[in-house]
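Dear colleague,

I am passing on to you the structure that follows, and below it I describe what was found in it. Please read the text with the structure open beside you.

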Amino acid sequence: MSDPSKTNLITLTRHVFQDQVENHKEASGDLTLLLTAIQLGCKFVASNVRKASLISMTGLANSSNVQGEEQKKLDVIANEIFVNALRSSGKVAVMVSEEDEEAIFVESQYQGKYCVVFDPLDGSSNIDCGVSIGTIFGIYKVKENSTGKLSDVLRPGSEMVAAGYCTYGSCSTLVLTTGQGVNGYTLDTEIGEFILTHPNIKIPSRGKIYAVNEGNSKYWDGACTKYFHSLKFPEDPKKAPYSARYVGSMVADVHRTMLYGGIFCYPADSKSKNGKLRILYECFPMAFLVEQAGGRATTGRKRMLDVHPETIHSRSPIFLGSKEDVQDIEKFYKAEP
């Protein structure tokens, strides 16, 4: 008799469809089809990342994005892949990409009832050296009686209906939430499917790792300076200091935090007074995932998902990860005037 674990695989499509049948019988299936389009984009990008050096897709594209950052060739290709996959799904009304200055409003004949915000290739400065990079996305449902407007995406993250990220590295792993917990799926390149490998991900209540760019420490405010000092030099002599792990790719750092616990931080400072990470397509999706996994996400003074972005490229400080670790940094900010 054959091994069921090898012949009865739970794919991402099967898992999402099964959840719809069991828990959302009234659903139209549109979100399931949209997630199918997103995973197609992830597979396509994963394929291009694997062979990038062989077909000259690393290096600069001689252009910059709306953030003023120099675009890598793969940045541009990944953006086109996702825009095309989402538009052709027929389920999207509005798209917001890190790479495009303005929101993309889908033509009426292809229009659906969802809005997708995404960073097509996070951590792209690491492409040439082979460090893990990834895609981040969040999904809103358009407001009632709306055909897709900017106001449909300029909303708190608490109104998202789904979010996820896909890592591209030693393996490609897609981590997803639709508001009922978090699951991880690893791409089997032989059959071309994402297979459920990390069911019901839960972040430990406290970790032993912190991730932050300490090169910016001279610009930190008092709360950050005191907090990170407390991690490295705990008052209790019996307590071991936290380990520092920082990749510089948000997807890689958050993925490690989701699995092992600890805290990921990108604070505001005197150099970047509003923080550096973008609210809509970086902070919100990751905060949604972390909360669904039992963790916590904050700006330091406010729950991340309660922030109301003013523009599609607004930025914010963010601290996310294990619940107790995030509560610790919140205490330092509460003590600051």
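Two strands are said to pair if DSSP finds at least two bridges between them. With that in mind, look at Thr177, whose bridge partner in β9 is Val182; β9 covers residues 182-188, and together with β8 it forms an antiparallel pair held over five bridges. Helix α6, made of residues 250-260, packs on the sheet there and touches β5, β6, β7, β8, β9 and β10, while its direction makes about 110 degrees with that of β7.

Before going further, please keep in mind that this is a predicted model. The average pLDDT of the protein chain is 91, and 91% of the residues score at least 70. Some care is needed over residues 58-62, where pLDDT stays under 50 and for which the model has 16 contacts beyond four places in sequence.

The sheet with eight strands

The strands just mentioned belong to an open sheet of eight, which follow one another in the order β4-β3-β5-β6-β7-β8-β9-β10 with mixed pairing. At its edges stand β4 (104-105) and β10 (193-198), each of which pairs on one side only. Helix α3, which spans residues 30-50, lies across β3 (92-97), β5 (114-122), β6, β7, β8, β9 and β10, and it runs at about 165 degrees to β6.

Within this sheet, strand β7 deserves a slower look. On one side, β7 pairs with β6 (residues 133-141) in the antiparallel sense over seven bridges, and here Thr135 stands opposite Cys166 in β7. β7 also pairs with β8 (residues 172-177), again in the antiparallel sense, over six bridges, with Ala163 having Thr177 in β8 as its bridge partner. The connection from β7 to β8 is a hairpin through three residues.

How many of the residues of strand β7 are buried? The count is seven of the seven residues in the stretch 162-168, so the strand is largely enclosed by the rest of the structure. The side chains point in two directions: Ala162, Gly164, Cys166 and Tyr168 go one way, Ala163, Tyr165 and Thr167 go the other way, and all are buried.

Arg256 in helix α6

Returning to helix α6, we find Arg256 in it. Is this residue buried or exposed? Its relative accessibility is 14%, and because buried means under 20%, Arg256 counts as buried. The side chain of Arg256 reaches the backbone oxygen of Arg245 at 3.0 Å. If neighbours within four places in sequence are left aside, Arg256 is in contact with Ile209, Ala211, Arg245, Val247 and Gly261.

The sheet with five strands

A further open sheet has five strands in the order β12-β11-β13-β17-β15, and its pairing is mixed as well. The strands β12 (243-244) and β15 (296-298) stand at its edges with a single partner strand each, so one side of each is left without a neighbour in the sheet. The partner of β15 is β17 (residues 318-321), to which three bridges join it in the antiparallel sense, and in this pair Ala297 stands opposite Leu320 in β17. Helix α7 (residues 279-292) packs on this sheet, where it touches β15 and β17, and its direction makes about 30 degrees with that of β17.

With kind regards

Definitions and conventions:
Residues are numbered from 1 along each chain as its sequence is written. This is a predicted model: local features need pLDDT of at least 70, side-chain atom pairs count only at pLDDT 80 or more; totals for chains, interfaces and linings use all residues. Side-chain values use heavy atoms; hydrogens and water are left out. Helices (H or I, at least four residues) and strands (E, at least two) are DSSP runs, numbered from the N terminus. Contact means heavy atoms within 4.5 Å. Axes are lines fitted to C-alpha atoms, for helices over the stretch in contact, and angles run from 0 to 180 degrees between N-to-C directions. Buried means under 20% relative accessible area, exposed over 50%, partly exposed in between (1.4 Å probe, protein chains only). pLDDT is the predictor's confidence in each residue, from 0 to 100. A polar contact is a pair of N or O atoms within 3.5 Å; within protein, one must be able to donate a hydrogen and the other to accept it, and residues adjacent in sequence count only if both atoms are side-chain atoms.
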